[in-house]
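Trainee: I would like to learn how to read a structure, one feature at a time. May we begin with it in view?

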Amino acid sequence: ALERIGAFQRRDARVLDLGCGTGLMLERLNRHRWSVGLDFSPLALEFSRKRGAKRLIRGDAERVPFLDETIDAAIALDLAEHVERDDLLFAEAYRVLKPGGRLVAVDFFGRAPLMHRLPSLLRGTHSHAQEQDTELMAQLRELGFTEIRLERMTPGFLSSLIACKPQ
């Protein structure tokens, strides 16, 4: 799916895997383009090394150790729910992306615990999830992102997000 996103189509694209974890995505990315993984956990980085990842940085996704506008694409898979402030995660992604760069995230966006959302999901109403989607979209627009697509992959829970930093 990433191959269909403009920033990933170029072989010279520089890709940052925020919260790279055990390196599964890095393993795939490294086959075709320059990529680097960032993770706070030394254990996760060790797993990534065992998968063959060479460019790994121990660091915080809320304070990314890269210069402004140096990355073509940033990936954050299953990360937003694990950071203290996802607004800082998105702000940092925006900062390091080059103009025209893309942010791709898949996560359980929104902080409402499952048990609070379950009754509305059973009734077929997703108002809480929809409110969170609206807030997230507004937050991303305020940072400057455009072409924002947020799609629920499972009702009310797992979502995919693609956003662009304008040229």
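Trainee: Is Glu 69 buried, partly exposed or exposed?

Mentor: This is a predicted model, and every value discussed here is computed from it. A residue counts as buried under 20% relative accessible area and as exposed over 50%, with partly exposed in between. Glu 69 has a relative accessible area of 41%, so it is partly exposed. Its place in the chain is the loop between S3 and S4.

Trainee: What is notable about the backbone of Glu 69?

Mentor: The general idea concerns the sign of phi: most residues other than glycine have a negative one. Glu 69 is not a glycine, yet its phi is positive, at about 50°. Asp 78 is another case, with a positive phi of about 55° although it is not a glycine either. Asp 78 belongs to the loop between S4 and H4, and its relative accessible area of 41% makes it partly exposed.

Trainee: Which residues does Asp 60 contact beyond its neighbours in sequence?

Mentor: Asp 60 also sits in the loop between S3 and S4. Once neighbours within four places in sequence are set aside, Asp 60 is in contact with Leu 38 and Phe 40. A polar atom of the Asp 60 side chain also lies 2.9 Å from the backbone nitrogen of Glu 62.

Trainee: How many helices and strands does the chain have?

Mentor: The chain has six helices and seven strands. Read from the N terminus, the elements follow the order α-β-α-β-α-β-β-α-β-α-α-β-β.

Trainee: In what order do the strands stand in the sheet?

Mentor: The order in a sheet is read from strand to neighbouring strand. Here seven strands form an open sheet with mixed pairing, in the order S3-S2-S1-S4-S5-S7-S6. Strand S3 (56-58) and S6 each have a single partner strand, so they stand at the edges and one side of each has no neighbour in the sheet. On average, and with direction ignored, neighbouring strands of this sheet are turned by 15° against each other.

Trainee: Which way do S1 and S2 run, parallel or antiparallel?

Mentor: S1 and S2 run parallel and are joined by five bridges. In this pairing, Leu 18 stands opposite Leu 38 in S2. S1 is mostly covered, as four of its five residues are buried. S6 and S7 run antiparallel, and five bridges join them. There, Leu 150 has Leu 161 in S7 as its bridge partner.

Trainee: Which strands does H4 lie across?

Mentor: For a helix on a sheet, one notes the strands beneath it and the angle it makes with them. H4 lies across S1, S4, S5 and S7, and runs at about 150° to S5. Helix H3 (residues 42-50) lies across S2 and S3, at about 170° to S3.

Trainee: Which residues have the most contacts inside the largest nonpolar core?

Mentor: That core has 29 residues, and those with the most contacts inside it are Leu 16, Leu 18, Leu 89, Phe 90, Leu 103, Phe 145 and Leu 161. Among the elements that give two or more residues to this core are strand S1 (14-18), helix H4 (86-96), strand S5 (97-107) and helix H6 (127-143). H4 gives the most, with five residues. Over the chain of 167 residues, buried residues make up 47%.

Trainee: How many aromatic pairs does a search of the whole structure find?

Mentor: The search finds one aromatic pair. To classify a pair, one compares the ring planes: over 60 degrees apart counts as edge-to-face. The rings of Tyr 94 and Phe 145 have planes at 80° and centres 4.9 Å apart, so this pair is edge-to-face. Tyr 94 is in helix H4 and Phe 145 in the loop between H6 and S6, so the pair links distant parts of the chain, 51 residues apart. Tyr 94 is buried, with a relative accessible area of 19%, and Phe 145 is buried at 2%.

Trainee: Where does Thr 22 lie?

Mentor: Thr 22 lies in the loop between S1 and helix H2 (24-29). Its relative accessible area of 37% makes Thr 22 partly exposed. Not counting residues up to four places away in sequence, Thr 22 touches Ala 44, Phe 47, Ser 48 and Arg 51.

Methods:
Residues are numbered from 1 along each chain as its sequence is written. This is a predicted model: local features need pLDDT of at least 70, side-chain atom pairs count only at pLDDT 80 or more; totals for chains, interfaces and linings use all residues. Side-chain values use heavy atoms; hydrogens and water are left out. A nonpolar core is a set of buried Ala, Val, Leu, Ile, Met, Phe, Trp, Tyr and Cys residues joined through side-chain atoms within 4.5 Å. Buried means under 20% relative accessible area, exposed over 50%, partly exposed in between (1.4 Å probe, protein chains only). Two strands pair if DSSP finds at least two bridges between them. Axes are lines fitted to C-alpha atoms, for helices over the stretch in contact, and angles run from 0 to 180 degrees between N-to-C directions. Contact means heavy atoms within 4.5 Å. A polar contact is a pair of N or O atoms within 3.5 Å; within protein, one must be able to donate a hydrogen and the other to accept it, and residues adjacent in sequence count only if both atoms are side-chain atoms. Rings of Phe, Tyr and Trp (its six-membered ring) pair if their centres lie within 6.5 Å; planes under 30 degrees apart count as stacked, over 60 as edge-to-face and the rest as tilted.
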